[in-house]
Amino acid sequence: MKILVTGGAGFIGSNFVHYTLRTRPECRITVLDALTYAGSRASLAAADQTRLELIEGRIEDATLVDRLVADCDLVVHFAAESHNDNSIANPAPFVTTNVVGTFTLLEAVRRHDRRFHHVSTDEVFGDLELDDPERFRETTPYNPSSPYSATKASSDLLVKAWIRTFGVKATISNCSNNYGPYQHIEKFIPRQITNVLSGIKPKLYGAGLNVRDWIHVDDHNAAVWAIIDRAKPGSYYMIGADGEENNKTVVALVLELLGKPADWFDHVNDRPGHDLRYAIDATKLRTELGWEPRYTTFRDGLDATIAWYRDNEAWWQPLKAEVEARYARQGQ
Ligand code: NAD
Ligand code: TDX
């Protein structure tokens, strides 16, 4: 099977490539990635290069996309501008990549009648109160808050329209917050791990009471494969592993696992429009497709992730000063 993976040099996409080449000997992969600040060849260096090709290019490039889609059996679409804080500082690239890029891919899979899996986020549903007994489900109405989540919601709606109107064989998954190896150090967990490893105090937005539903990236990618293998084209799935934690608790765990005092962190400026809580009900994925997460103890998954950042300083160290300088300008 020949798979086109967009965004395969980013966090979740590169883990998908490693996972697939490890577990599926019949698969060959072409990665289409613009190698923005968030993508890196180094994230794919450990993969079996005989079954992998990396094409540097943009998903809005209709000519390139047409050729690559024609030449594959399946498209798995991870490419996106993915960071909320960046979307607040400068929304334009989010519209271009997330909306126009997804549209360009949809037109190519429509022309060539290819199977398409669209990777999306739980943020498209907005946020929940801390005590809301409801969690996000496949039927939850869209209500995005940030420029990032609004462009992801737009891309989901394009996919839904292409399924209904043109009969495109697509599926969508909306996953909660991922953690694991190769995550860019602008994101919450790797930022705090690499802060402590660099002698900098962790930075908590506001009071730190916002809740995220954490899932290990390999569990996310196993769910994506369950959908590709067993879901009906045209169907949608929530992906989550019942991993709700507030940010303060996550920082406390990072500090404990790295042997620092519990109060060794700073409160910094909050994110404008900061979503309070995300929580996923993955019953449909579990019951229809038989998926179960393998990382069920957040502490163990976090410990393994800390070990990865400790062992792979060469991967993140060159980025650290610039990322922290950018945050410092925002008082974060
Ligand atoms: P990331 O920012 O780490 O990686 C994105 C990749 O896309 C990078 O390699 C980048 O170079 C590439 N890219 C960006 N613009 C491009 C363009 N125009 N053309 C081609 N390539 C381009 O993101 P991630 O965290 O790995 O997220 C991957 C996908 O999963 C995104 O669609 C995101 O919305 C979704 N998602 C992420 C999370 C999470 O917790 N990180 C949770 C749910 C869903
Ligand atoms: O330094 C920080 N301090 C802090 O308290 C950073 C970077 C973040 N935070 C908070 C903000 C959020 O409440 O931590 C939480 C997680 O922040 P991010 O890592 O920026 O993730 P989030 O905004 O929740 O979005 C993530 O999950 C859904 C991904 O970045 C998205 O791509 C995905 O769609």
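**Figure 1. The surroundings of ligand 2 in this predicted model.** Let's begin with the shell of 16 residues around ligand 2, where Ser82, Thr121, Phe188, Tyr205 and Asn210 are the closest. Two elements, α6 (188-197) and β8 (203-205), each bring at least two residues to this shell. Which element gives the most? That is β8, with three residues. Sorted by class, the shell around ligand 2 holds three nonpolar, seven polar and six charged residues.

**Figure 2. The surroundings of ligand 1.** Here 32 residues gather around the ligand, and Gly7, Gly10, Phe11, Gly39 and Ala80 come nearest. If you would like to trace the shell by element, look to α1, β2, α4 (92-112) and β5, which each give two or more residues to it. The class count for ligand 1 reads 13 nonpolar, 14 polar and five charged residues.

**Figure 3. The open sheet of seven strands.** Follow the strands across in the order β3-β2-β1-β4-β5-β6-β11, and you will find that the pairing is parallel. Why do β3 (52-56) and β11 (236-239) have one side without a neighbour in the sheet? Both stand at the edges and have a single partner strand each, so one side of each is left free of a sheet neighbour. On average, neighbouring strands in this sheet are turned by 20° against each other, direction ignored. As a reminder for this view, strands of a sheet pair through backbone hydrogen bonds, in either a parallel or an antiparallel way.

**Figure 4. Strand β4 and its pairing with β1 and β5.** Strand β1 (residues 2-6) runs parallel to β4 (residues 74-77), and four bridges join the two. Within this pairing, Leu4 has Val75 in β4 as its bridge partner. Four bridges also join β4 to β5, again in parallel. There, Val75 stands opposite Phe116 of β5.

**Figure 5. Helices α1 and α5 against the strands.** Helix α1 (residues 11-23) packs on the sheet and touches β1, β2 (28-33), β3, β4 and β5 (115-121). The direction of α1 makes about 170° with that of β2. Helix α5 (residues 147-166) lies across β5 and β6 (170-175), and runs at about 150° to β5.

**Figure 6. Two residues with a positive phi, Tyr182 and Asp242.** Most residues other than glycine have a negative phi, which makes this pair worth a look. Tyr182 is not a glycine, yet its phi is about 65°. You can find Tyr182 in the loop between β7 (178-179) and α6. Is Tyr182 buried or exposed? Tyr182 has 24 other C-beta atoms within 10 Å, so it counts as buried, the cut-off being 20 or more. Asp242, also not a glycine, has a phi of about 55° and belongs to the loop between β11 and β12 (244-246). With 16 other C-beta atoms within 10 Å, Asp242 is partly exposed.

**Figure 7. The chain that frames these close-ups.** Eleven helices and 13 strands make up the secondary structure of the chain. Along the principal axes, the C-alpha trace spans about 55 × 45 × 40 Å. The radius of gyration is 19 Å, which agrees with the value near 20 Å for a compact globule of 332 residues. Buried residues account for 48% of the chain. Finally, take the contacts between residues at least 6 apart in sequence: 81% of them join residues at least 24 apart.

Technical notes:
Residues are numbered from 1 along each chain as its sequence is written. Chains are lettered from A and ligands numbered from 1 in the order in which they are written. This is a predicted model: local features need pLDDT of at least 70, side-chain atom pairs count only at pLDDT 80 or more; totals for chains, interfaces and linings use all residues. Two strands pair if DSSP finds at least two bridges between them. Axes are lines fitted to C-alpha atoms, for helices over the stretch in contact, and angles run from 0 to 180 degrees between N-to-C directions. Two residues are in contact if their C-beta atoms, placed from the backbone, lie within 7 Å. A residue is near a molecule or strand if its C-beta atom, placed from the backbone, lies within 6 Å of it. Ala, Val, Leu, Ile, Met, Phe, Trp, Tyr, Cys and Pro count as nonpolar, Asp, Glu, Lys and Arg as charged, and the others, Gly among them, as polar. The radius of gyration is taken over C-alpha atoms; the globule rule is 2.2 Å times the number of residues to the power 0.38. A residue is buried if 20 or more other C-beta atoms lie within 10 Å of its own, exposed if 12 or fewer, and partly exposed in between; C-beta atoms are placed from the backbone.
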